[in-house]
Amino acid sequence: MMGISCDILVVGGGMAGISAAIKAAREGACTLLVEKNGFPGGIPVSGMHRYICGLFPTGDQVPFKTLNGGIAEEICSGLKGLSSDTGIIQMGKVYLLSFRTKDLVTILKSLSEKQIGLGILYEKKVVSVKTKNSFIKSVTAEGQTGKIRIIPRKVIDCSGDGTLIRLSRAAHQLSTARERQLAGFCFKIKGINDPGEMAPISVPYCISGAVRRKKLPPYLKYTKFTPGDVSGEGYCLISIPAGGGREKISKAINYAVKVHAVLSESLSTFHDSYIYELSSVIVEREGLRMTGEYTLTKEDVLSASKFNDGVVKNAWPIEIWDRKKGPSFQYLAPGTYYEIPLRCLKSRDIKNLYCAGRCISASPEALGSTRVMGTCISLGEQAGLAAAKELIVS
Ligand SMILES: Cc1cc2nc3c(=O)[nH]c(=O)nc-3n(C[C@H](O)[C@H](O)[C@H](O)COP(=O)(O)OP(=O)(O)OC[C@H]3O[C@@H](n4cnc5c(N)ncnc54)[C@H](O)[C@@H]3O)c2cc1C
């Protein structure tokens, strides 16, 4: 088996992982990023997201800069530079950045590939970990070209679902599948004839009616529609219960086909439409979370708590997609934000393990606010910075 040593190993090249790896390398650490897909971006790319949430403060004025600066600001201005459609939009009480998937991949690739001191292995999946005396000693990743054994000094788990946390048996929390928030599945539709662009309203209304008539399962009533980049296309996001095995993806595809059939039957604007693309994965809102030196709570979020070791600011509401009640939002007071302490990114028991993104130490409610893309970018950046600084001390 091939072997390689590095200062910092980052597992997962989603928003958190790319930022963690870039920052660690910028701080002078010899850094390796391992990603099982052949592209960066994680859930937002596979799940066909359209808006970056969690980048901006709230308030009456349209914000002119991001809440956290740093890599979030670089990604934001890079996206704006690539497409004139990209911009800040207001949705209710919050501000978001619209983006095109291909632009996001371009920016993440260009920032990471030009970074000196950063090596990237795509299409390699971390499969096992060796620990000794509460330290991760080695990590094995495998892909089509074989296995590789990595000996890192520090590890940052940015896998979204907490792969490293689970494999190293670090303390963690995981709600049961029944308690977990609804997962999502996205598909792209073309051939819509909707000059009035009423689809974001008419689609959920039409699908709710079909659910009431028992033509579709109950959680499909939370279906959302977002217009695409050009007229005649759009994205449908359907909700699926969390958990389940491989057969779940075929179930999700089946639901997507049924949802589309109802739309083309009931809405004249969808008569000639067709499913152009289906997401390759079901994307989970909630998964395994590390138990860190501190666990962020719902009260911390809603009372805009600040901490001595606060490293990331966030103003995004607590967004819960409950299996029975559907989506709900709890907002912070306008113009305020809370901080996420560095202790939420440090394992309580595995001494050289950090995490960032979706698997940080937070209660399920607090995670409903911290997991959005903009916040994940800054969490990754701070984990990369902290891990690199610790190298100098140790
Ligand atoms: C249905 C749904 C809709 C959402 N909508 C929005 C939205 O509109 N706007 C927004 O801002 N946020 C949205 N979010 C939240 C957001 O997309 C994610 O929470 C966030 O992108 C998570 O980033 P991450 O880097 O922590 O994890 P991920 O995006 O999950 O990235 C993890 C990466 O790790 C890789 N990986 C996993 N295991 C391994 C392994 N063993 N070895 C190597 N690599 C591995 C994966 O391939 C992936 O690339 C949504 C989430 C869901 C579920």
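Glu 123 sits in the loop that links β6 (118-122) to β7 (125-132); helices (H or I, at least four residues) and strands (E, at least two) are DSSP runs, numbered from the N terminus. The model is a predicted one, in which local features need pLDDT of at least 70 and side-chain atom pairs count only at pLDDT 80 or more, while totals for chains, interfaces and linings use all residues. Residues are numbered from 1 along each chain as its sequence is written, and side-chain values use heavy atoms, with hydrogens and water left out.

The phi angle of Glu 123 is near 55°, a positive value in a residue other than glycine. Glu 123 counts as exposed because its relative accessibility is 55%; buried means under 20% relative accessible area, exposed over 50%, and partly exposed in between (1.4 Å probe, protein chains only). Further along the chain, Ser 134 lies in the loop between β7 and β8 (135-143). Ser 134 has a phi near 65°, again a positive value in a residue that is not glycine. With a relative accessible area of 31%, Ser 134 is partly exposed.

The sheets come next. Strands β3, β5 and β4, in that order, form an open sheet of three strands with antiparallel pairing. At its edges are β3 (51-52) and β4 (88-91), each of which pairs on one side only. Two strands pair if DSSP finds at least two bridges between them. Between β4 and strand β5 (residues 94-98) there are four bridges, and the sense is antiparallel. Within this pairing, Gln 90 stands opposite Tyr 95 of β5.

Tyr 95 also helps to line a cavity, together with Gly 54, Phe 56, Thr 58, Val 94, Ala 315 and Trp 316. A cavity is defined on a 1 Å grid over the protein atoms alone, as a set of points where a 1.4 Å probe fits but cannot get out, and lining residues have an atom within 4 Å of a point. Grid points are joined across faces, edges and corners, and a volume is the space filled by probe spheres set on the points. By this rule, one cavity of 30 Å³ or more is counted. The largest cavity has a volume of about 40 Å³. Its lining is made of five nonpolar, two polar and no charged residues. In this grouping, Ala, Val, Leu, Ile, Met, Phe, Trp, Tyr, Cys and Pro count as nonpolar, Asp, Glu, Lys and Arg as charged, and the others, Gly among them, as polar.

A hairpin is formed by β17 and β18, with three residues between them. Strand β17 (residues 318-322) and strand β18 (residues 326-330) run antiparallel and are joined by five bridges. Here Trp 321 has Pro 327 of β18 as its bridge partner.

How enclosed is strand β11 (residues 183-190) by the rest of the structure? Seven of its eight residues are buried, so β11 is largely enclosed. Strand β11 has antiparallel partners: seven bridges join β11 to strand β13 (residues 234-240), and four bridges join β11 to strand β14 (residues 274-278), also in the antiparallel sense. In the pairing with β13, Ile 189 stands opposite Gly 234. In the pairing with β14, Lys 190 faces Tyr 274 as its opposite residue.

The ligand is surrounded by 33 residues, and the closest are Glu 35, Ile 43, His 49, Tyr 51 and Arg 371; a residue is near a molecule if one of its heavy atoms lies within 4 Å of it. Backbone atoms of the protein also reach the ligand through polar contacts, here pairs of N or O atoms within 3.5 Å. A polar backbone atom of Tyr 51 is 2.8 Å from a nitrogen atom of the ligand. For Val 126, a backbone N or O atom lies 2.9 Å from a ligand nitrogen atom. For Met 373, a backbone N or O atom lies 3.0 Å from an oxygen atom of the ligand.

Two further residues complete the picture. Cys 76 belongs to helix α3 (residues 70-82) and counts as buried at 1% relative accessibility. The C-alpha atoms of Cys 76 and Ile 52 are 9.1 Å apart, although the two residues are 24 residues apart in sequence. Lys 221 is found in the loop between α6 (199-212) and β12 (224-227), and is partly exposed, with a relative accessible area of 37%. Its C-alpha atom is separated by 5.8 Å from that of Ile 207, 14 residues away along the chain.

Note on methods:
1 Å grid on protein atoms, 1.4 Å probe; cavity = no way out; pocket = protein on both sides within 12 Å on 5 of 7 lines; lining within 4 Å. Polar contact = N/O pair within 3.5 Å; in protein donor to acceptor, adjacent residues only side chain to side chain.
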